[in-house]
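Colleague: I am new to this structure and would like a close look at one part of it. Please take the aromatic rings and then walk me outward to what surrounds them.

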Amino acid sequence: MAISNAIVIGGGIGGLATAACLSRRGMAVTLLEQAPRIAEVGAGLQISPNGMAVLRGMGLESQLKTRGAVRGEAVVLLDYRAGKKVARLDLMRGQAAYPYMFMHRADLIDLLWGAAKRGNVSVELGVTSDHCLPGPLPQVKLADASTRRAKLVVDASGIHSKTRGMLNAADEPRFSGQVAWRALVPNRFNHPNEVHVTMGPGRHLISYPLRGGKMVNLVAVEERMDWAPEGWAFADDPANLRTAFVEFGGRAGEMIAAVKSCTLWGLHLHPVAETWQKDGVALVGDAAHPTLPFLAQGANMALEDAWVLADCVLNAPEDQALQRYQNRRKARAQRVINAAAGNAARYHMAPGIKRSAAHAGLRVASKLAPGAMVGAFNWLYHHDVTAKK
């Protein structure tokens, strides 16, 4: 019997995208979300061309502008002391077939939620999933002791997924020695439509505009030994952020001074799950491959997962579909996670000869061979999971 119905656990980006991708091709989908409503307070995210390929394939690209999405023109590396430019990577040069966009997470959630509703996805809110049971007709056991069954169960519940632990041996996340503050400030700083990476010793600030350029998203990363919890919802005193970045000048310093509220996020290292699927149960997004934020690929990887899973389920023999999904996604996810983990060290170099030489090299390369610098990311940005194989 073909896979005719599915349950998706989690109403975040990965869950909504998966539900929409499955339902738009005719599958009956039920989405289970523990929150009382579909919403995301969050902050900003970057949708790189590989993620945009999925949104275009879902027919959603034309709606981005009405949601305040901003087209990214460049990634600019800056020195922390006065904001002096070190290098500029032109995102409009040698671009893939899709643009690079900045968007508030809540606006993307709203866009995907609309797509799921148009696909007649059934949604049960305020429902907490306890665990899954793989099998010929997989089951989802809920916290109230009731059961849901479908031919396919997809867990998109994120880094705390219980299904991941059921499919794999237990693994403990390891604190990376880095924390990240997240904040939004009004764009009173004439921030251009660019990602700015302001690099300092043991820390860096990422900033880019949102919502038609009216807001600026800030992610401030600091190396430290003190552990911090993993998650976005832990409020912190902005004074702690300002103390950690007191030496940052220029626009970066002005934006940090303007922060009125922020959250603190402990960055942890997780291995890519060894097993993503078994007997009708599959993982997508952070449930399978949590990543550090230094390539801005968390949302993009979830979008890619959703498209590929739907493609495999709907086009491959039932007994091969989920293994084919894992085979198509696992190696790429590992490469992205490895690349993201290596980026922080490049941003956090201490003052001295090594830092000066590295920055000088970046300046020369960005002027003499700008295409080569952007081209180094072709493997990431030009990857189109929607292209016919």
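What follows is a walk through the rings, then the residues and elements around them.

Modeller: Keep in mind that this is a predicted model. Start with the rings. The structure holds eight aromatic pairs. One of them joins Tyr100 and Phe102. Their centres are 6.1 Å apart, and their planes meet at 70°, which makes the pair edge-to-face. Both residues are inside. Tyr100 has a relative accessible area of 2%, so it is buried. Phe102 is at 0%, so it counts as buried too.

Another pair is Phe377 with Tyr381. This one is stacked, with 5.8 Å from centre to centre and 20° between the planes. Here the surroundings need a cut-off: buried means under 20% relative accessible area. Tyr381 falls under it at 11%, so Tyr381 is buried. Phe377 does not, because its value is 24%, and it counts as partly exposed. Now put the pairs together. Ring pairs link Tyr100, Phe102, Tyr208, Phe377 and Tyr381 into a cluster.

Next come rings that meet a charge. Trp379 has the charged end of Arg335 over its ring, 4.0 Å from the centre. Trp307 has a charge as well: the charged end of Arg25 sits over its ring, at 4.7 Å from the centre.

Trp379 also leads to a second arginine. Arg332 touches Trp379. Arg332 belongs to helix α8, which spans residues 318-347. With a relative accessible area of 9%, Arg332 is buried. Which residues is Arg332 in contact with, leaving aside its neighbours within four places in sequence? They are Asn50, Met301, Glu304, Trp379, Leu380 and His383.

Move to helix α7, residues 298-315. The buried residues of α1 pack against α7. They also pack against the strands β1, β2, β3 and β12, and against helix α3. How enclosed is α1 itself, residues 13-23? 11 of its 11 residues are buried, so α1 is largely enclosed by the rest of the structure. The buried residues of α1 include Ile13, Leu16, Ala20 and Leu22. An α-helix has 3.6 residues a turn, so residues three or four places apart point the same way.

Cys21 is one of the buried residues of α1. Its relative accessible area is 0%, so Cys21 is buried. Cys262 is buried as well, because its relative accessibility is 6%. How many disulfides does a search of the whole structure find? It finds zero.

Now the strands. Val179 lies in β13, residues 174-186. Val179 is buried, because its relative accessible area is 0%. Val221 is 42 residues away along the chain, yet the C-alpha atoms of Val179 and Val221 are separated by 5.6 Å.

Finish at a hairpin. Strands β5 (residues 74-79) and β6 (residues 85-90) run antiparallel, and five bridges join them. One bridge can be named: Leu77 has Ala87 in β6 as its partner. Five residues lie between the two strands. Gly83, in this hairpin, takes a positive phi near 75°. In a regular strand the side chains alternate between the two faces of the sheet.

To return to the start, the cluster to look for first on screen is that of Tyr100, Phe102, Tyr208, Phe377 and Tyr381. Then find Arg335 over Trp379, and Arg332 in contact with that tryptophan.

Definitions and conventions: Residues are numbered from 1 along each chain as its sequence is written. This is a predicted model: local features need pLDDT of at least 70, side-chain atom pairs count only at pLDDT 80 or more; totals for chains, interfaces and linings use all residues. Side-chain values use heavy atoms; hydrogens and water are left out. Helices (H or I, at least four residues) and strands (E, at least two) are DSSP runs, numbered from the N terminus. Buried means under 20% relative accessible area, exposed over 50%, partly exposed in between (1.4 Å probe, protein chains only). Contact means heavy atoms within 4.5 Å. A disulfide is a pair of cysteine sulfur atoms within 2.5 Å. Two strands pair if DSSP finds at least two bridges between them. Rings of Phe, Tyr and Trp (its six-membered ring) pair if their centres lie within 6.5 Å; planes under 30 degrees apart count as stacked, over 60 as edge-to-face and the rest as tilted. A charge sits over a ring if NZ of Lys or CZ of Arg is within 6 Å of the ring centre and within 35 degrees of the ring normal.
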